[in-house]
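Biologist: I have a model open on my screen and would like to learn how to read it. Could you walk me through it?

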Amino acid sequence: MSRLYLARNPRVAARSLDGEMMIMSGRDSTLFTLNRTATILWQAADGATPLDEIVEHRICNEFEVEPAEALHDAETLARELANHEILQISEEPIPPFTPAAGGSL
Amino acid sequence: MSAILQEMSEKALKLNIPLSVQVDLTYRCNERCVHCYLDHDDHGEMTTAEIKHLLDEMADAGVFILTFSGGEIFLRKDFFELLEHARRLMFCVKLKTNAVMIREREAARLRDLHVESIQISIYSHRPEVHDAITLVPGSLKRSIDAIHFLKSQGLKVIIANVLMTQNMQDYPGVRALAAELDVECTLDPTVTPMMDGDRSTVGLGVGNGVLQQVFRDTALVGDADAYCAIPAPPGESELESTPCSAGHTACYVSPYGEVFPCVQFPLPTGNVRQQRFVDIWRHSEQMNEVRSIRLKDLTTCPSCTHAATCSRCPGLAYLEGNMRGPSSQDCEKSFARTGVPSANMLARKLAGANSSLAQAKLVQIRALPPSAGTSTAGAIA
């Protein structure tokens, strides 16, 4: 089974407000707030840690859910966040963004 | 304001978080607009490292919306380095500029860094009027060319039109230009005093007749009868309300590191060169004084029928001599909108005072004493 990697989309604007993530879409400036689970995914989305490890270490511990069920729900959520261009998802690790090297946010 | 942003603003207010901050990167400018409230000299701007450190502190303090303004921001040779740092910190970045230095290359870089919006000052659709205000021949063409470059990169552009005697007949033309360019357009009839208290610029503002015309323009206000209706006196909840976001969820930082409640409210509260941004925000005596003021605490306004709907600016009131007093310019706007004089106007009439704004008391802005940690350098002195 392939693993899924998450990275924060560098095009967005984001800030934590009392533990709740506030995200502005880089596509159309729509403002989102993330629930607790989505906030955990966002904060853990370093491009290097696979989703199953995030779920095991960050979600199962906090919510006391079965790993398989949690992974399924987390993957659905991650894909939804990717549809809104809040997260980037890939089956390969995602390298960190380096604008000085000529990358585009 | 979107429902989510409203909700976030209320939450930030409750948690005492500065959700939105304007940072002026420089007061230097390549235009010399006749109504500008700034001097254009460099009195010791923050260095690149100082501004980056400030941005780090602001991100830690919870600032989400960051506006870079000036002066002309593109005169800073490190502008893109600062912008890049800001976007790494994931600020929602807005820019205010005259845009004359934005060409294809700059527009592409702004796209790459995903700024949220670029506000550009346009005073008229006619070069002879716009350029006579900026005192730079060819400036309107340069700014409009820049708008084309920015739009071609898919960026959001907002035209900001300040209404003055020199351009008062041209705002429909500016709106038509904005429609042609497919950009937003704002109109502001307020000309502010200079930051050193000099009120000579205020005389450039339009009079009551033009304000009435603007407030009755359905293209601007929608239902003019509803917009200009005589308001009900303030109720209990309105009397308990705060005047605006200045010092509550927003503040302003000058190129010299001075922190004020707002760009229009030059009450010194501290300097980030000597104190942490968050400490000024949370603990400054002046910031907390601003924060403590409710509508019911004002000197004249609580009894005014306009109190609940007036655009009273506490910064303009401060520049008139009392942050708890009325802002005469906003009294004039309420009067122009409804035909009903404000409590302040009636009181002045009774007192036989000359209500001419040009003769209003000149206030020299005071600096914090050195022991309180404010730089003595800079335009505010």
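**Reading the interface and the folds**

Modeller: Gladly. This is a predicted model, and we can begin where the chains meet: 25 residues of chain B are in contact with 24 residues of chain A.

Biologist: How do I put a size on that, and what area is buried between chain B and chain A?

Modeller: The size of an interface is often given as the accessible area lost when the parts come together. Here, the area buried between chain B and chain A is about 2,100 Å², and carbon and sulfur atoms give 63% of that area. On the chain B side, B:F64, B:M90 and B:H114 lose the most area to chain A, together 30% of what that side buries.

Biologist: And the charges? How many salt bridges does the rule find across the interface of chain B and chain A?

Modeller: One salt bridge is found there. B:K11 pairs with A:E20, and their closest N and O atoms are 2.6 Å apart. For polar contacts, the rule finds 10 residue pairs across the interface of chain B and chain A, both residues being at pLDDT 80 or more.

Biologist: Which helices of chain B each supply at least two residues of the side that touches chain A?

Modeller: Those are α1 (3–15), α3 (79–88) and α4 (104–112) of chain B. Of the elements, α1(B) gives the most, with six residues. Sorted by class, the side of chain B that touches chain A has 15 nonpolar, three polar and seven charged residues.

Biologist: Now helix packing. At what angle do α1 and α3 of chain A pack?

Modeller: Helix α1 (residues 36–44) and helix α3 (residues 67–83) of chain A pack at about 75°, with axes 11 Å apart. Angles of 65 to 115 degrees count as roughly perpendicular, so α1(A) and α3(A) are roughly perpendicular to each other. A:T37, A:A38 and A:L41 of α1(A) meet A:A74, A:L77, A:A78 and A:L81 of α3(A). That contact has six nonpolar residues, one polar residue and no charged residues.

Biologist: Any backbone details to look at? Which residues does a cis peptide bond join?

Modeller: In chain B, the cis bond joins B:G70 and B:G71, with omega about 25°. B:G71 lies in the loop between β2 (65–70) and α3 of chain B. Look at B:M90 too: its phi is near 65°, a positive value in a residue other than glycine. B:M90 sits in the loop between α3 and β3 (92–97) of chain B.

Technical notes
Residues are numbered from 1 along each chain as its sequence is written. Chains are lettered from A and ligands numbered from 1 in the order in which they are written. This is a predicted model: local features need pLDDT of at least 70, side-chain atom pairs count only at pLDDT 80 or more; totals for chains, interfaces and linings use all residues. Side-chain values use heavy atoms; hydrogens and water are left out. Contact means heavy atoms within 4.5 Å. Buried area is the accessible area (1.4 Å probe) that two parts lose on being put together, summed over both. A salt bridge is a side-chain nitrogen of Lys or Arg within 4 Å of a carboxyl oxygen of Asp or Glu. A polar contact is a pair of N or O atoms within 3.5 Å; within protein, one must be able to donate a hydrogen and the other to accept it, and residues adjacent in sequence count only if both atoms are side-chain atoms. Helices (H or I, at least four residues) and strands (E, at least two) are DSSP runs, numbered from the N terminus. Ala, Val, Leu, Ile, Met, Phe, Trp, Tyr, Cys and Pro count as nonpolar, Asp, Glu, Lys and Arg as charged, and the others, Gly among them, as polar. Axes are lines fitted to C-alpha atoms, for helices over the stretch in contact, and angles run from 0 to 180 degrees between N-to-C directions. Angles under 35 degrees count as roughly parallel, over 145 as roughly antiparallel, 65 to 115 as roughly perpendicular and the rest as oblique.
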